[in-house]
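Pull this one up in your viewer and let's take a walk through it. We'll go from the overall layout to the RNA and then to some ring contacts.

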Amino acid sequence: MAGYPFAEIERQWRRYWEEQKTFRTPDEPDPSKEKFYILDMFPYPSGTGLHVGHPEGYTATDILARYKRMKGFNVLHAIGWDAFGLPAEQYAVKTNTHPRVTTEANIARFREQLKMLGFSYDWDREIDTTSPDYFRWTQWIFLKLYEKGLAFQSEAPVWWCPELGTTLANEEVVDGKSEVGGYDCVRKPLRQWMLRITEYAERLLEGLDDLDWPESTKEMQRNWIGKSVGAEVAFPVCGLPDETIRVFTTRPDTLFGATYMVLAPEHPLAEKITTPDRLEAVAAYVAAAAHKSDLERTELQRDKTGVFTGGFALNPVNGERIPVWIAEYVLISYGTGAIMAVPAHDERDHAFAKTFDLPIREVVSGGDVAREAYAGEGALVNSSSEDRAIPGVAERGVSIDGLDTESARQKMIAWLEANACGQAKVNYKLRDWLFSRQRYWGEPFPLIFVNGAPKPLPEDALPVTLPDLADFQSSGQVEGPLAAAAEWVETVDPETGAPARRETNTMPQWAGSCWYFLRFIDPRNDRLLVDPEKERYWMPVDLYIGGAEHAVLHLLYARFWHKVLYDAGVVSTPEPFRRLIHQGMILGEMEYSANGERIAEADVRKQGDGFVLKRDASVPVEAHAYKMSKSRGNVINPEDVVEQYGADSLRLYEMFMGPLEQVKPWSMRGVEGVHRFLNRAWRLFVDEETGALRGRVNGVPASKEQLRALHRTIAKVTDDIERLHFNTAIAAMMAFVNAANKWDAMPRDIARAFTLILSPFAPHIAEELWRRLGGGRTLAYEPWPEVAAEYLQEDSVAIAVQVNGRIRATITIPQDAEKDAALQAARREENVAKHIGARAVKREIYVPGRIVNFVV
RNA sequence: GCCGGGAUGGCGGAACGGUAGACGCAACGGACUUAAAAUCCGUUGGAGCGAUGCUCCGUGCGGGUUCGAAUCCCGCUCCCGGUACCA
C-alpha cells in the first residue's frame, strides 16, 4: 500500500525521543506543577512477546500522558517488568538454561516491542523485580510484615507430584494430574509462610467505598472478602464434658430450629465424638473425602453425603440433645469448620435433612418448610425455653417467640453472652495469604533459622540473593530446588555466628507487583524504598489501567501491602490507586461458519435474527468472534501490524475500535481504515509526489468556517480525552480531515493546531508534520490548543419540528431565536401545517437549539 | 444459583430525555486508468407510495412515565465475565 513513509518517520522519531530523553521526568518533584501519575499494569515479560491486548491499555495511558504533558502537568509514566515467575523456571527445568538468561532475553524483546509503539515512558525509571536492587526492598517490606506479626508460619497443603519430584502451583494441576505429563498429584501439608491479610479485612472492605473503580471490581473484592455478621455459639458435647462444638451462624434467631449439627470431615473433634459402633463408617467417609481435590468436592453437584457419628451435642438454648453428623458440605476452611443445621431455614441443611430423614422444625413463619427451606425473615415461632433451666448452661431459658428477625437476633445474642455460651461475631471469607512457593525463581525470604526458629536478617544483610544452581532439574525434595543448594542453605547467624539455615521457599509472583508503583517514583534510591518527599508528591496513582483478570488478587494484595506500609509510615495515602479502568479484551476477527465449515463473510447474508448462506438460505450460519488463541489460529501479532501499517496506525486502530472498557473483535480492514485516515491527514499538508509541504499550506488568515471546524474538533477531542472516549475523539479528527480536504487553502496555524491534537494518538506522524510545519523541535511539551468559544458559535441552527412528538419538518433559525419567532417559522412549514390541520394546538414546546413540538 | 456488565444497520460503533445510526468498515454507482491497485466523488436501516417528496415501521421482548424514550421505571429473554455448599 502506497502512502506516507511511516516506517522511516517512526524510526527517526523513536531515535530522537530516546536520544533526547524527551519523556524523562525530573528526579525532584516540581511543586509549581500539578502532578499526574498514570500507570499501566506491570507486564510479565513472557517469551511469546506482546499481544494486541497490551497496546490497548498502553496506548490509552500514553494518550493521557502525552495530553497531560501538553496541558502543563508534571507526568509520571514509567514501565518495568514483573519478571519472576513460573515460565522461566519451567523452561530452565526443560533446557537447563538459567532463568535469568531467559528472563533477560524476554525483557529485551518486550522492551524492544514497547519502544516500537512509541510509548512515552521515562525509560530511565525502568525497573525489574528480579534485580537485587529491587527485590532488596521487597524483602525489606517482608521484614516489616514480620516485625508487625503479619507474617507467620503454618502448615498448608501443597500439590506434590512424586513423578516430577516437585511441588506444583494450583494452575499446574488439572483434575488432580500434573498439567505437564499428566502424572498423579497429591496434597501434602507443608510448613509455609502466611500473611495475615485477614487482619486488614475490614479496612480493605471499607476502603473500597471511596475508590473511583469499576463497580464490578469493587463488588468482586467485597465478595472475596465476604463479610458476614452473626454469632458464634458453643454447643456442649454430650459425654465429653471438656469439649464444645463451636459454630458460626448468621442466623442466631434460628437457634431453636437447630435439629442436628455437622462437622467438616477434617474437624478435630470428628474422631473423638464418634461412638465405637460408628467408627468404621466415619473413618471410611473421612478417608474418602481426604482423597478428593477441592474441585471434586465442589463439583459433585449438590447431592448431599454424610455420616452419623453416633455422638450428640446439647443445644444451649433449649437443652435438646441433637445428633452430630459429618459431611463434606461443611468446609473446614470457613468459620469454625462446624455448623448448627437449621433445615427449615437453610437450603443446604434442608436438602441434607431430606436425604437422611432428619427432623425439620419451623421457627420463622412465612414459608412452607415441609416443602422447601424458608430463608426469609418473619415472626419467630416455636422458640421458647423460658419456663425451664438449661442444665449446665443457664438457670433459665429464653423466649424469642413473636419477635421479628432482627429483634430475635439481638435478644438471642444478648442471652448467649449473658450465659457465656456465645457472642456476636463477624466472619470473613477472606483467608490468610499463602505466601511461599517451593520454587527457585522468586524472591528469597530475608530470614534464617537458628535451631529451627525463624530469625529475621538485619536490614544491612539485604538483599538476600539467589544462589546459582548447576542443575535446574527437579531436586526431588518437597522443600523445593533451593534445598539442594547446600552451600547457600547452610549459613551463619550474622549476629552471633551460630550455624543457621536459610529459608528454602521463595515468595510468590504477586510480591513484586504489590509495590512497584512506589519504586517508579524513586527507582535508584539505595537508602530507602522511596523518598518520603517524592512519595508525597506523586502518590496516589491518578489513573491505573489494566486487565480485569487482576480485579481481585493483584489489586487486593497491593492494597493490603499499601495499608501495611501506610501504618508503618512509609507511604502517605491509605489507598494506592485512586482511579482504575479495565481495558476490554480484544477478540479475534469475526468468524462465520455453517455445518462446522468456515465461510467467507461475502458468502453470508442476514436473515431474520441470524445469518444464512447467500447461495442457500436454508443453511444457517454461525457468526462469532473468539478469544485469540494459538490453537484457533486467530492471533494477531502487533509486530506484523506495525510492519505493514506502522505503529501510529496500530495505536489509532486500537483506540478507534470502540469504548476502551468494552470487549471488541479485531478487524484488519479496520486497521486499513485508520491507516487511510493517517494518509489523508498527511496529504492534507504534504505533497505526496515531492514530499514537500503543499503550496496551499500558507500563512493566509483562517476563514471563519475553518476556525469553526478546527475549534469544534479541539473541543470534542479535548473533552473526549478527559472522558477516555478515544474512539469518538478519533472520529472527530476524521471528520475534520474530511472537511479540510475540500478547502482551497490550509492556513498554517490551523495545520499546526490540528497536528497538536493528533499527536497524543499518532505521535510519530504528528512530530514529523510539526517539524515540517516549522514547529521546531519536539511537540511533546507544546501547549495544548485552547478552544475559543467565539468560533463555536453558529449563527443559525437546524432544529426539528414535531407534531405530537413526530418529526414533520426541520427549520433553520437563529441560534438564539425567541420562542414566538421559532414557533412562527415552524408553523409556516407546509408539512407542519398539514399535520396540525384544523385541530387546536394544546401545547407548544420550544427548546432553543433543540426542538419545537406542537401538541394537538 | 448468585453478583456484575451488555443487546442499536451487513459489521465495529455514535447519540446532555430533544432530527437514531456520527466516524470507520463492507457493499453499490461514478471519475481517473489500456486495465488493475491507489486516490477522489456519490449512494447506502427496512417497507410502501401518486418518488427530487411524503407515509409507516425500526435501538433484544412486553408494559409504564413523559409533549417527546436507545436513554428513566417495572417485568422478561438471550449473550459475556466473575463466583459458587462461605453456614
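What follows is a tour of the fold, the RNA surface and a few side-chain contacts.

First things first: this is a predicted model. Chain A has 856 residues, and 53% of them count as buried. Its C-alpha atoms fill a box of roughly 100 × 90 × 65 Å along the principal axes. In secondary-structure terms, you're looking at 27 helices and 35 strands.

How does the domain assignment carve up chain A? It gives six entries, two of them built from separate stretches: domain 1 takes 6-143 plus 513-581, and domain 2 takes 152-199 plus 435-502. Domain 3 covers 227-428, domain 4 covers 586-625, domain 5 covers 636-790 and domain 6 covers 794-855. If you want a feel for the spacing, the C-alpha centres of domain 1 and domain 3 are 50 Å apart.

Now for the RNA. Strand B is surrounded by 54 residues, with Ser228, Thr250, Arg348, Lys429 and Arg806 the closest. That surface splits into 23 nonpolar, 15 polar and 16 charged residues. Which parts of RNA strand B lie within 4 Å of the protein, sugar or phosphate, or bases? Of the strand's atoms within that distance, 67% belong to sugar or phosphate, and the rest belong to bases.

Both kinds of contact show up in individual side chains. On the backbone side, Asn738 puts a polar side-chain atom 3.0 Å from a phosphate oxygen of RNA strand B. On the base side, a side-chain N or O atom of Arg850 is 2.9 Å from a base nitrogen. Lys304 also goes for a base, with a polar side-chain atom 2.6 Å from a base oxygen of the strand. Keep Lys304 selected for a moment, since this residue also lies over the face of Tyr329, at 5.4 Å from the ring centre. There's another charge over a ring at Arg196, whose charged end sits over Phe152, 4.0 Å from the ring centre.

That brings us to the aromatics, and the structure holds 50 aromatic pairs. Take Phe84 and Phe135: their ring centres are 5.9 Å apart and their planes meet at 45°, so this pair counts as tilted. Phe84 is in the loop between β3 (80-81) and α3 (86-95), while Phe135 is in helix α5 (residues 132-147), so the pair ties together parts 51 residues apart in sequence. Phe84 is buried at 2% relative accessibility, and Phe135 is buried at 3%.

Compare that with Phe248 and Tyr334, an edge-to-face pair at 6.5 Å centre to centre, with 80° between the planes. Here too, distant parts of the chain are linked: Phe248 is in strand β11 (residues 240-249) and Tyr334 is in the loop between β14 (321-326) and β15 (338-341), 86 residues apart. Are these two rings buried or exposed? Phe248 is buried, with a relative accessible area of 11%, but Tyr334 is partly exposed at 27%.

Rings also gather in groups. One aromatic cluster includes Phe142, Tyr146, Trp193, Tyr200, Trp433 and Phe435, along with Phe445, Trp510, Tyr557, Phe560 and Trp561.

Last stop: Lys563, which lies in helix α17 (residues 553-567). This lysine has 4% relative accessibility, so Lys563 counts as buried. What does its side chain reach? It's the backbone oxygen of Pro574, at 3.1 Å.

Terms used:
Residues are numbered from 1 along each chain as its sequence is written. Chains are lettered from A and ligands numbered from 1 in the order in which they are written. This is a predicted model: local features need pLDDT of at least 70, side-chain atom pairs count only at pLDDT 80 or more; totals for chains, interfaces and linings use all residues. Side-chain values use heavy atoms; hydrogens and water are left out. A residue is near a molecule or strand if one of its heavy atoms lies within 4 Å of it. A polar contact is a pair of N or O atoms within 3.5 Å; within protein, one must be able to donate a hydrogen and the other to accept it, and residues adjacent in sequence count only if both atoms are side-chain atoms. Ala, Val, Leu, Ile, Met, Phe, Trp, Tyr, Cys and Pro count as nonpolar, Asp, Glu, Lys and Arg as charged, and the others, Gly among them, as polar. Domain bounds come from an automatic or database domain assignment. Rings of Phe, Tyr and Trp (its six-membered ring) pair if their centres lie within 6.5 Å; planes under 30 degrees apart count as stacked, over 60 as edge-to-face and the rest as tilted. Helices (H or I, at least four residues) and strands (E, at least two) are DSSP runs, numbered from the N terminus. Buried means under 20% relative accessible area, exposed over 50%, partly exposed in between (1.4 Å probe, protein chains only). A charge sits over a ring if NZ of Lys or CZ of Arg is within 6 Å of the ring centre and within 35 degrees of the ring normal.
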